[in-house]
Amino acid sequence: MTCQSSESTDTIESDRRADNNSRAVESDESRIASAMKDLKNTGWYWGSLTATEAKEILQDASEGTFLVRDSSQRDYLFTISAMTSAGPTNLRIEYKHGKFKLDSVVLVKPKLKQFDSVVHLVEHYVMLSRTSDKAASNSQPSAAPPNGTVQLLLTKPVYTATPSLQHLCRITINRRTRRVQDLPLPNRLKDYLTDYAYNV
């Protein structure tokens with residue numbers, strides 16, 4: 001049996017914590033790098049656009065039109081700028097513990113879904129918006145939300161440039177199936193489809 005001094009044990013524990021912190025930083029860096037790669041493939045990520053510039057782009061757009069840009073606040077990486085019934089608005093995207101979610105008031109935060117990527121987050125809210133939009137068109141007009149709140153819809157992205165036909169086809173295929181590997185296509189084309197496996 002060997003005995004270690006408490007100083008030696010403290011050093012080992014300190015080294016373990018440092019190693020875990022180092023792995024967490026590497027993991028965060030790789031997740032953010034992966035999120036950036038996906039975002040750049042979307043065509044609706046505008047980079048270092050300011051809130052004022054985003055407002056100008058969205059000013060004459062229909063409700064539900066949106067774009068993603070870098071956040072101007074240091075505590076956040078990205079912001080969704082979207083057109084609502086009350087005009088353009090901005091929603092910060094929070095990154096914490098390896099996940100992305102919308103920033104919100106403290107009471108709502110625990111209820112918000114978290115995602116591995118920003119594009120997955122946007123895709124989720126686009127799908128919710130399409131579902132609620134269909135439900136609204138099949139029912140009577142609803143009363144305005146209480147307390148002057150505004151319903152957020154994400155339905156149509158604003159592209160930085162006209163997307164390629166290949167990219168639009170990829171999105172359409174991804175909307176129809178999640179089983180790309182089962183399609184009778186060459187492997188190179190399957191790789192292209194799975195490189196951006198989102199439908200928005």
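Arg 92 sits in the in-between class of solvent exposure, partly exposed at a relative accessible area of 30%. In this predicted model, the side chain of Arg 92 meets that of Asp 103 in a salt bridge, with 2.6 Å from N to O. The pair joins distant parts of the chain, eleven residues apart: Arg 92 belongs to strand β3, while Asp 103 is in the loop between β4 and α3 (118-137). The acidic partner is the buried one here, because Asp 103 has a relative accessibility of 16%, which falls under the 20% cut-off.

That bridge is one of five salt bridges in the count. Another is made by Lys 99 and Asp 116, whose side chains come together at 2.5 Å, N to O. Lys 99 is in strand β4 and Asp 116 is in the loop between β4 and α3, so this pair ties together parts that are 17 residues apart in sequence. Both partners fall in the middle class of exposure: Lys 99 is partly exposed at 30% relative accessibility, and Asp 116 is partly exposed too, with a relative accessible area of 47%.

A further salt bridge pairs Arg 178 with Glu 123, at 3.1 Å from N to O. The two residues are 55 apart in sequence, and they link distant parts of the chain, with Arg 178 in the loop between α4 and α5 and Glu 123 in helix α3. The two ends of this bridge sit in opposite surroundings. Arg 178 counts as exposed, at 53% relative accessibility, whereas Glu 123 is buried, with a relative accessible area of 6%.

Now for a charged residue that goes without such a partner. Lys 190, in helix α5 (residues 187-195), is buried yet has no salt bridge. The nearest side chain of opposite charge belongs to Asp 182, and it is 6.8 Å away; that is beyond reach because a salt bridge calls for a nitrogen and a carboxyl oxygen within 4 Å. What the side chain of Lys 190 does reach is the backbone oxygen of Gln 181, at 2.9 Å. Leaving aside residues up to four places away in sequence, Lys 190 touches Val 180, Gln 181, Leu 183 and Leu 185.

Helix α5 also packs against helix α4 (residues 165-176), at an angle of about 80 degrees and with the axes 9 Å apart. The two helices are therefore roughly perpendicular to each other. On the α4 side, the residues involved are Gln 166, His 167, Arg 170, Ile 173 and Asn 174, and they meet Tyr 192, Leu 193 and Asp 195 of α5.

Back in the strands, Glu 94 is another charged residue that is out of the solvent. Glu 94 is located in strand β3 and is buried, with a relative accessible area of 7%. Its C-alpha lies 9.7 Å from that of Val 118, although 24 residues separate the two in sequence.

Lys 101 tells a similar story in strand β4 (residues 99-102). Lys 101 counts as buried at 12% relative accessibility. From Lys 101 to Phe 115 the C-alpha distance is 6.4 Å, and the two residues are 14 apart in sequence.

Between these two strands, the backbone does something less ordinary. Most residues other than glycine have a negative phi. His 97, though, has a phi near 55 degrees, a positive value in a residue other than glycine. His 97 is found in the loop between β3 (87-96) and β4, and counts as exposed, at 74% relative accessibility.

As for the chain as a whole, it has five helices and five strands. Along the sequence these elements run in the pattern α-α-β-β-β-β-α-β-α-α. The chain has 200 residues, of which 32% count as buried. Among contacts between residues at least 6 apart in sequence, 46% join residues at least 24 apart.

Definitions and conventions: Residues numbered from 1 in each chain as written. Predicted model: local features only at pLDDT ≥ 70, side-chain atom pairs only at ≥ 80, totals over all residues. Heavy atoms only, no water. Helix = DSSP H or I, 4+ residues; strand = E, 2+ residues; numbered from the N terminus. Buried < 20%, exposed > 50% of the residue type's maximum accessible area, 1.4 Å probe, protein only. Lys, Arg positive; Asp, Glu negative; His and termini not counted. Polar contact = N/O pair within 3.5 Å; in protein donor to acceptor, adjacent residues only side chain to side chain. Contact = heavy atoms within 4.5 Å. Axes fitted to C-alpha atoms, helices over the stretch in contact; angles between N-to-C directions. Parallel < 35°, antiparallel > 145°, perpendicular 65-115°, else oblique.
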